[in-house]
Structures are given as structure tokens and as C-alpha cells.
Amino acid sequence: MSQTKKETIVVMSAHSDDFVIGAGGTIAAYTHEMKRVIAIVFSNGEKSHPWLRKAVVKKFREKETHQAAKVLGCRVLFLNMGDQQIYEDYKEKNLEPELLKILNRIKPAKIFTHSNEDHHSDHRAVYAITSELCDKIEFKPEVYIFPIWNPVSFKSHYPSFYVDISKTFYRKLKAVHLFRSQRFNAIYPLMTLIFQRAILSGFKIKKKFGESFYRIR
Ligand SMILES: [Zn+2]
């Protein structure tokens with residue numbers, strides 16, 4: 001299969017670790033099938049370490065993100081929006097035309113993004129931005145949402161979509177652990193949820209581990 005015919009998948013990620021936590025097993029499964037996956041990271045989360053200079057945080061978070069992406073086999077595009085002000089920054093810097101251009105060029109078959117039920121405002125901001133972009137792009141990708149800081153959604157009326165990650169769950173864990181700077185504020189608090197979700201979603205499709213999403217378009 002030629003390079004241009006590869007199916008492309010885009011994962012919209014508010015912070016540098018979200019695409020791994022939300023869809024890491026699925027990303028690894030897709031890249032194993034020779035699909036091309038691009039994670040678009042809106043913010044490096046530079047407020048995670050307020051005592052360090054922004055440039056220092058940006059540098060080590062980009063490094064650990066690239067290492068994690070390498071484990072999953074995907075590529076990363078950093079947008080460098082301000083942490084905890086993604087939506088405002090996105091509007092102020094007028095990033096929409098550039099992102100529309102990129103999406104119209106790569107034409108992803110699927111786009112994964114945050115849930116609108118997530119408790120983190122930056123995550124809901126990326127959901128809103130993705131919805132706005134999908135209203136304006138020239139093609140119709142399938143769009144799915146994933147949870148991070150929201151427990152399993154009970155009110156969602158969208159169809160669920162499960163991916164078997166039995167063979168890639170440990171790669172996801174390896175990638176998650178590469179976010180050394182995020183261990184205390186995200187990785188450790190989320191670890192139980194990551195396991196619970198993988199086991200529950202796997203149970204639904206009679207596999208060892210799974211990841212679940214809701215299709216919103
Ligand atoms: Zn996040």
C-alpha cells in the first residue's frame with residue numbers, strides 16, 4: 001500500500017498526556033495495522049510545574065510526549081496553547097484557519113477527542129474546538145469522544161464504540177509511565193481508572209482489555 005493511501009486517524013488532545021490516557025491502546029492497535037495516527041496536542045500543561053520556567057517545562061514535556069508517541073507509533077503536532085486557557089488562546093491566536101487547512105489536507109477517517117462531560121475545562125474546550133472544526137471541514141470523518149476525568153458516562157445517548165486493546169494495553173501503560181513529570185498530578189490518580197476502564201471495556205467485547213468511545217458524528 002502506498003504512503004498516500006494509508007488511513008489517517010487524528011486524536012485531539014488538550015494536554016500532552018491525554019491522547020495516551022484516553023486512546024493509547026487504540027492508537028497502538030491502529031499503528032500496528034499500518035494506519036497513520038497523528039496526535040494534536042493543544043497545550044504542554046506548563047502550569048503543572050509553576051516553580052519552573054515555562055520554557056523548561058515545555059522542553060521536558062515535549063520530550064516525554066515524543067517518547068510516549070514513539071512507543072505507540074504515532075506522530076505529535078504541538079500547538080503550544082496556554083495551559084488552562086486553551087479556548088481563549090485558540091481564539092486569540094486565530095488558529096482555526098491553520099487547523100482547517102491541515103485537516104482538509106490529511107482528511108482523517110476518524111477523529112478522537114475529549115468528552116463534553118469531562119470535569120476539566122481545557123478538555124471541554126478541545127471538545128468544543130473539535131466540534132467547530134468538524135462543522136467547517138470539507139469531508140465527514142467519524143468523530144468519537146473519550147473520557148479522562150469523567151467517570152463512565154451514564155447519560156450519553158451516543159452509540160458506543162469498543163476497540164480490542166488486549167495486545168496493546170501494556171504498550172499504553174509503558175507510554176503512560178513515560179510522562180515522568182505528570183506522575184503525581186495525573187498518572188497516579190488516574191491509574192486505577194485506566195485499569196478499570198480497560199477491564200470493563202474488554203469485558204463488553206469479551207476481550208481481556210478494551211477502550212471505549214462514543215461516536216458523536
Ligand atoms: Zn488533560
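This is a short walk through a zinc site and the nonpolar cores of one structure. Keep in mind that the model is predicted.

Let's start with the metal. Which residues hold the protein donors of the zinc ion? They are His15, through ND1, Asp18, through two OD entries, and His123, through NE2. These donors lie 2.0 to 2.6 Å from the zinc ion. In sequence, the spacing of the donor residues reads H-x2-D-x104-H.

Now the geometry. The angles subtended by the four donor atoms run from 53 to 141°, which makes the arrangement irregular. A tetrahedral label would need all angles between 85 and 135 degrees.

Are these donors buried or exposed? Take two of them. His15 has 8% relative accessibility, so His15 counts as buried. Asp18 sits at 3%, so Asp18 counts as buried too.

On to the cores. In soluble globular proteins, nonpolar side chains tend to be buried together. Here the largest nonpolar core has 39 residues. Phe19, Val20, Ile27, Leu72, Phe112 and Ile194 touch the most other members. Several elements each supply at least two residues of this core, including strand E1 (8-15), helix H2 (54-72) and helix H7 (183-204). Which element gives the most? That is H1, with seven residues.

Look at Val20 for a moment. Leave aside neighbours within four places in sequence. Val20 is then in contact with Ala68, Leu72, Lys172, Ala175, Val176 and Phe179.

One last stop. There is a second, separate core, of 28 residues. Among its members are Ile38, Ile106, Ile111 and Cys134.

Note on methods:
Residues are numbered from 1 along each chain as its sequence is written. This is a predicted model: local features need pLDDT of at least 70, side-chain atom pairs count only at pLDDT 80 or more; totals for chains, interfaces and linings use all residues. Side-chain values use heavy atoms; hydrogens and water are left out. Donors are N, O and S atoms within 2.8 Å of the metal (3.2 Å for Na, K and Ca); water is not among the atoms, so sites may look incomplete. Four donors count as tetrahedral if all angles lie between 85 and 135 degrees; four count as square planar and six as octahedral if opposite donors are over 155 degrees apart and all others between 65 and 115; anything else is irregular. Buried means under 20% relative accessible area, exposed over 50%, partly exposed in between (1.4 Å probe, protein chains only). A nonpolar core is a set of buried Ala, Val, Leu, Ile, Met, Phe, Trp, Tyr and Cys residues joined through side-chain atoms within 4.5 Å. Helices (H or I, at least four residues) and strands (E, at least two) are DSSP runs, numbered from the N terminus. Contact means heavy atoms within 4.5 Å.
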